[in-house]
Amino acid sequence: MKNIKLMYLHKRLLVLCSIAGLLTCISSCEDDGDTSRFGNPQIVNLISLGDEPTINEGFPEELVRVEGTGLGSMKEIVFDGTINTFFNTALNSDVALFFNVPFDADAGSRFGNQTVRFTNQFGESVSSQFEIKQPAPTLTVEGTFSPPKGEGGIEIRAFGNWFFNVEDVLIDGESVGDFTVVSPQELLFTFPEGKTQTTEFTVVTAAGMVSKDLPIEGGFVEYLITDFDGNGVIPGDWFSYGDRIFQVASGIGTDGSIGAEIIWDDTGTDPFTGCSHNSIAPVTTGTDAENAFLIVDVNNNGAIGTISEFILEDDRSNWLIQIPLQETGWQTLRIKMSDFGFGFDPSNQGNGDVDPSKIFAVKAGVSHAGVIPSVLRFDNIKFEVLELD
């Protein structure tokens, strides 16, 4: 009996020694800073590194920096219990790791506050809260509408992105009524009756809105010739001629944007002052000058009495019109093309009209019959033309 008791005591001592040895090893590993083996991750902040960095919130695809401790052995990041997030483990450190905010609608991604679970290679997990914010909707640059022109009663598809929580679809500020969100990149609506000129299409979502011009089939169509900011059919290679001071520069357009300016101070010897650009391909199929307009924003910059000149060049001639600028500040001119005169003569109305479908240049100038100095600032040149096909 005594031997049995001694054997039992020896076994208990061995167990206690084993436990003590294990605890000593764990303590030694912790003292040595060996967190790569025993994990224990902690999250302090999730910082979204977008245009305006935010904490614990961000938009899809934005880069996020996770700050904390014990992050070097991270194996998995899961949003909302379903969306596994890719991240480059080679970029991890014990105190930081990086990932892009995931969003896959087909896999169940959603906007709003949700739990993000971080799990390391030892199965240890820690969770944090993060809000995925909904981006404002966008429209594609090209091929936005199918068919590309609106017609009363016809279904139109609009293409873009982030068509989530769509609240309304508008044409010229008025709801189209029923619409269908086909996917986050496509929606379907019926174009309203009674429109006769280029309309403004708008998508409104819970995150914002986006708009774009939608031309009309068999109605007035607006073409941007140039806004001097890189948009339009003229690439921007303007040049001057005659007695002139001419520039295209930032700060002289509408709202301080890029615009063009001509100044005539009567110090030169040429009898004319103007500017033009290299030839462009005609932009419209419309041929009726009575239903075609040149639209341009103008400003005399305080030089009241400036007489602005605009010239349309087609395959027959240069067609000119003169318009005195008697008001200060920006104003929008809408000039009927049939009012332009033949052969640089605004009063010559006996040779027909300019053909809008054959215009290959738009020119601007200042008449020397105006005030000295004369100033013409101009921006946002457009055509508005009735197209019947």
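Is Ala289 buried or exposed? At 3% relative accessibility, Ala289 counts as buried. That one gets its own panel further down; everything shown here comes from a predicted model.

**View 1. The four-stranded open sheet, with order β2-β1-β4-β7.**
Pairing in this sheet is antiparallel. At its edges stand β2 (54–55) and β7 (96–100), and each has a single partner strand, so one side of each is left without a neighbour in the sheet. Walk across the sheet from the β2 side and you get 2 bridges joining β2 to β1 (residues 42–48), with Ser48 opposite Thr54 in β2. Next come the 6 bridges between β1 and β4, again antiparallel; look for Asn45 standing opposite Glu67 in β4. At the other end, β4 and β7 run antiparallel and are joined by 5 bridges. Val64 has Phe99 of β7 as its bridge partner.

**View 2. Two faces of strand β4 (residues 63–69).**
Zoom in on β4 and the side chains alternate. Which residues point to the buried face? They are Val64, Val66 and Gly68. Leu63, Arg65, Glu67 and Thr69 point to the other face and are not buried. Two of these names turn up in the pairing as well: Val64 is matched with Phe99 in β7, and Glu67 in β4 sits opposite Asn45.

**View 3. The five-stranded open sheet, with order β3-β9-β8-β5-β6.**
Pairing here is mixed. The edge strands are β3 (57–58) and β6 (83–84), and each of them pairs on one side only. At the β6 end, β5 (residues 74–79) pairs with β6 in the antiparallel sense over 2 bridges. Phe79 is the residue to find there, standing opposite Ile83 in β6.

**View 4. Ser127 in strand β9 (residues 125–132).**
How accessible is Ser127, and what does that make it? Its relative accessible area is 46%, so Ser127 is partly exposed. Leaving out residues up to four places away in sequence, Ser127 touches Thr115, Val116 and Arg117. Pro41 is 86 residues from Ser127 along the chain, yet their C-alpha atoms are separated by 9.7 Å.

**View 5. The largest pocket, holding about 620 Å³ of space.**
There are 17 residues in the lining, and Val141, Lys212, Asp213, Pro215 and Glu222 lie nearest the centre of the pocket. The elements giving two or more residues to this lining are β18 (208–214) and β19 (220–226). Which element gives the most? It's β19, with 4 residues. If you're thinking about chemistry, the lining splits into 8 nonpolar, 3 polar and 6 charged residues.

**View 6. The second largest pocket, with about 160 Å³ of space.**
Of the 14 residues lining this pocket, Phe272, Glu309, Ile311, Leu320 and Phe344 are the closest to its centre. At least two lining residues come from each of β23 (273–277), β25 (306–313) and β28 (361–366). The biggest giver is β28, with 3 residues. By class, the lining has 8 nonpolar, 5 polar and 1 charged residues.

**View 7. Thr306, a residue of strand β25.**
With 0% relative accessibility, Thr306 counts as buried. What does the side chain of Thr306 reach? It reaches the backbone oxygen of Ala303, at 2.8 Å. Not counting residues up to four places away in sequence, Thr306 touches Asn300, Ile323, Pro324, Leu325, Val366, Val371, Ser374, Val375 and Leu376.

**View 8. Ala289, in the loop between β23 and β24 (292–299).**
Back to the opening residue. Ala289 sits in a loop, but its relative accessibility is 3%, below the 20% cut-off, so Ala289 counts as buried. Its contacts, not counting residues up to four places away in sequence, are Lys336, Met337, Ser338, Asp353, Val354 and Pro356. For a pair to put a distance on, try Ala289 and Leu386: they are 97 residues apart in sequence and 9.1 Å apart in space, C-alpha to C-alpha.

Terms used
Residues numbered from 1 in each chain as written. Predicted model: local features only at pLDDT ≥ 70, side-chain atom pairs only at ≥ 80, totals over all residues. Heavy atoms only, no water. Pairing = 2+ DSSP bridges. Buried < 20%, exposed > 50% of the residue type's maximum accessible area, 1.4 Å probe, protein only. 1 Å grid on protein atoms, 1.4 Å probe; cavity = no way out; pocket = protein on both sides within 12 Å on 5 of 7 lines; lining within 4 Å. Points joined across faces, edges and corners; volume = space filled by probe spheres on them. Nonpolar A, V, L, I, M, F, W, Y, C, P; charged D, E, K, R; others polar. Polar contact = N/O pair within 3.5 Å; in protein donor to acceptor, adjacent residues only side chain to side chain. Contact = heavy atoms within 4.5 Å.
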